[in-house]
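Let's walk through this model together, starting from one side chain and working outwards. Keep the viewer open as you read.

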Amino acid sequence: MNDVDVTQLVALAAALGWASGLRLYLVVFLTGLAGHLGWVELPGGLQLLQQPLLLWVSGALVVVEFLADKIPLVDSAWDAVQTVVRIPAGAALAGAVFAGQGIDGATWTVIAALVGGTLAATAHAAKAGTRAAVNTSPEPLSNLALSLAGDAFVPLLLWLAWEHPVAFFVALALAVVVAAVLIAVTFKFVGALWRRGRGRLSPVGA
């Protein structure tokens, strides 16, 4: 692997990890479709994604997730279930970028899996927490806008990782900072709700 290849592969692994925390099935479908149609040449470890059966299954799950993510409260229930799916899947996809490339590839596979899983967990926590907080508002448009933004952000990240790796790393750094802020704000919001709920349940004068 030369330096250019490593830069692009690292960008792709990071993109797969991060985007899996947002829209796992869309990541699997778009990556596989791009390989199947010959738009890109997928690394050996990812070529399984371009198989027709997997494309049909991931495509069907994309539709299910698209609809579930547009319905308040249903989206939070979906995110709760996806906690046990998105993070390990993000790690697996990121690691698969370097699979089958010799001893150096094995080392990169482990590193990519660790980083990819961490990125997936960060993106998922920010998404799930933000959407849960927004669901406390009766106003539905903000929920729909956030969902559509996630739908658009995933293909943009994948395209940047493949075509403009350096620009992708900048975008990823900004996304991580925003996610960290959102997670911190969400924790404060949940803490405030908890204290308010305890205050209402406490006996008067206690």
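Does Phe98 count as buried or exposed? This is a predicted model, and in it Phe98 has a relative accessibility of 1%. The cut-off for buried is under 20%, so Phe98 counts as buried.

Now for the company that Phe98 keeps. Its ring pairs with that of Trp108, and the two are stacked: the centres are 5.3 Å apart, with 20 degrees between the planes. Stacked applies to planes under 30 degrees apart. Phe98 sits in the loop between α3 and α4, whereas Trp108 belongs to helix α4 (102-134), and 10 residues separate them. Trp108, at 31% relative accessibility, counts as partly exposed. In total, the count comes to three aromatic pairs.

Step back to the whole chain and you'll find six helices and zero strands, so the pattern along the sequence reads α-α-α-α-α-α. Of the 206 residues, 40% are buried. Take the contacts with a separation of 6 or more: 74% of them come from residues 24 or more positions apart. As for the outside, the accessible surface is about 11000 Å², and carbon and sulfur atoms own 75% of that.

Finally, have a look at how two of the helices meet. Helix α2 (residues 52-68) packs against helix α3 (residues 74-96) at about 135 degrees, and their axes are 9 Å apart. That makes α2 and α3 oblique to each other. On the α2 side the contact uses Val64, Glu65 and Ala68, while α3 brings Val74, Asp75, Trp78, Gln82 and Arg86. Sorted by character, the residues of this contact are four nonpolar, one polar and three charged.

How values were computed
Residues numbered from 1 in each chain as written. Predicted model: local features only at pLDDT ≥ 70, side-chain atom pairs only at ≥ 80, totals over all residues. Heavy atoms only, no water. Axes fitted to C-alpha atoms, helices over the stretch in contact; angles between N-to-C directions. Helix = DSSP H or I, 4+ residues; strand = E, 2+ residues; numbered from the N terminus. Parallel < 35°, antiparallel > 145°, perpendicular 65-115°, else oblique. Contact = heavy atoms within 4.5 Å. Nonpolar A, V, L, I, M, F, W, Y, C, P; charged D, E, K, R; others polar. Buried < 20%, exposed > 50% of the residue type's maximum accessible area, 1.4 Å probe, protein only. Areas by Shrake-Rupley, 256 points an atom, 1.4 Å probe, with all protein chains shown as cover. Phe/Tyr/Trp six-rings, centres within 6.5 Å; stacked < 30°, edge-to-face > 60°.
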